[in-house]
Amino acid sequence: MLLNDIEVTLTQQERDIRDTTRRFAEEVMRPVGAELDRLQDPAAVIAPTSALWKVFEKYRALHLDVLDTSGAELNPLEHARLRFLIAEEMGWGDAGLAISLGVSSFHKMFALMSGRPALVERFGGPENRDIGCWAVTEPDHGSDSLTVTERHFNDPRLRANCVARRAGDEYVITGQKSAWVSNGTIATVATLFCTIDPSQGFKGGGVCLVPLDLTGVSRGKPLDKLGQRALNQGEIFFDEVRIPAEHMVVGADLYAGVVEAVLAMANASMGAIFVGLGRAALEYALVYAKDRVQGGVPIFEHQSVKARLFKIFTHVEAARSLAWRVMLYNNSNPPLVQYSIASKVFSTTTAFEAASAALQIFGGNGLSREYPIEKLLRDARASMIEDGCNDVLSLVGAAKL
């Protein structure tokens, strides 16, 4: 690690878990992420022989999935501290893979939250090996479906693309989720955000757990995209898919509050992940600047390069401080979504600007795929749109001030 860690409150156990995650990020995530990024066909990323599955296996073997999602033996603040440390290091390794791994356990949280024994046993145990996804985005609705503070959220004229209707002791699901569902074509279970009462608009939503091997479920092809190419994304279609009513874990009465709580959690995680990417960009630029010679000296000796590097440093450290405080507070108190949004917006913007400034220091080499910095730029650019477009999220954050 090139940069000093000035968080003096870390316990030895926390340092050990952070260091284990960093080794996983450096030795597994980075090389696999680079390999998957270079694949021309996104279907090859998820092929049975793909190195992607090695990442999942190692992540689980290290029990990072359990530490990140449950923390059963930890108090909320201790769990929050570990979540941040794990997320930052994995974002430092590969942001796309970090998101894929993080969302892969999404269903566990809702199974445990339901308190329903059958769901906890089926989906919530530490030995559960399902791959999850957050199936919220739709072809006609993206960030607008998350803006709980805006008037359109309860406008019945907005028609959802995915609806679940009650049929006795079952729900019947019809419609689709868009190509931006993370883990969409590899997930084995979906945490599905859908509409159950169209008369209330988005507010009339529900959250259900849907095994994706059920009759009527089909997938689109993996999405081919600019950045985070190691992160599988793709459409999910539902054609009269039947689930037990017990699988609907959140009803319309609680839906808006749950959307806000999930947004607070997800945006806090995004803040931590992209602090990691910003740090990676800074470290790559520092190493390059001290090695690359122009004008007879390493370019680090030129004042303009030093000034630009220090600016990246200050912004990354500011983002880390904000993201750390937000993660700790919102995981151990009733979450304040405006702070999570501030963390996500500031950290992802900082990551993109850090990657862009680092690429400038690399000069023409930065444009070459021989060097890692252009990948960081592409990965960071995606972050300002995913999990809620930064511009739209800011409206929700501002409404809460």
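**Strand pairing, cores and a pocket in a predicted model**

Within strand S3, Gly-175 is the bridge partner of Cys-162. The model examined here is predicted. The pairing to which these residues belong joins strand S2 (residues 162-167) and strand S3 (residues 170-177). The two strands run antiparallel and share 6 bridges. Their hairpin has 2 residues between the strands. In this hairpin, Gly-168 takes a positive phi near 65°.

S3 also pairs with strand S7 (residues 236-244). This pairing is antiparallel too, with 7 bridges. Here Gln-176 has Phe-237 of S7 as its bridge partner.

Strand S4 (residues 189-195) takes part in pairings with S1 and S5. Strand S1 (residues 132-135) pairs with S4 in the parallel sense, over 4 bridges. Ala-135 is bridged to Leu-192 in S4. Strand S5 (residues 205-211) runs antiparallel to S4 and is joined to it by 7 bridges. In that pairing, Thr-191 stands opposite Leu-209 of S5.

S4 is mostly covered, with 7 of its 7 residues buried. Val-189, Thr-191, Phe-193 and Thr-195 point one way from the strand. Ala-190, Leu-192 and Cys-194 point the other way. Residues on both sides of S4 are buried.

The nonpolar cores come next. In soluble globular proteins, nonpolar side chains tend to be buried together. The largest nonpolar core in this model holds 70 residues. Phe-24 and Met-29 touch the most other members. At least two residues each come from H1, helix H3 (52-61), H5, helix H6 (95-103), H9, helix H10 (303-332), H11 and H12. H9 supplies the largest share of this core, 14 residues. Beyond its neighbours within four places in sequence, Phe-24 is in contact with Met-29, Val-55, Lys-58, Tyr-59, Leu-62, Leu-64, Met-90 and Leu-101. A second core, separate from the largest, has 30 residues. Among them are Leu-146, Val-189, Ala-264 and Val-337. Val-189 is also one of the buried residues of S4.

Burial is not confined to nonpolar side chains, as Glu-14 shows. Glu-14 lies in helix H1. Its relative accessible area is 5%, under the 20% cut-off, so Glu-14 counts as buried. Leaving aside neighbours within four places in sequence, Glu-14 is in contact with Thr-9, Arg-81, Leu-82 and Leu-85.

Helix H12 has 8 of its 11 residues buried, so the helix is largely enclosed by the rest of the structure. The buried set comprises Ile-373, Glu-374, Lys-375, Leu-376, Arg-378, Asp-379, Ala-380 and Ser-383. Their cover includes H1, H9, helix H11 (337-362) and helix H13 (390-399).

H12 also contributes to a pocket, the second largest, whose lining takes two or more residues from each of helix H1 (12-37), helix H5 (76-93), helix H9 (252-291) and helix H12 (373-383). About 260 Å³ of space lies in this pocket. Its lining has 21 residues. Arg-30, Ala-34, Tyr-371, Pro-372 and Lys-375 lie nearest the centre. Of these, Lys-375 is also among the buried residues of H12. The lining is made up of 9 nonpolar, 3 polar and 9 charged residues.

Notes:
Residues numbered from 1 in each chain as written. Predicted model: local features only at pLDDT ≥ 70, side-chain atom pairs only at ≥ 80, totals over all residues. Heavy atoms only, no water. Buried < 20%, exposed > 50% of the residue type's maximum accessible area, 1.4 Å probe, protein only. Pairing = 2+ DSSP bridges. 1 Å grid on protein atoms, 1.4 Å probe; cavity = no way out; pocket = protein on both sides within 12 Å on 5 of 7 lines; lining within 4 Å. Points joined across faces, edges and corners; volume = space filled by probe spheres on them. Nonpolar A, V, L, I, M, F, W, Y, C, P; charged D, E, K, R; others polar. Contact = heavy atoms within 4.5 Å. Core = buried A, V, L, I, M, F, W, Y, C linked by side-chain atoms within 4.5 Å.
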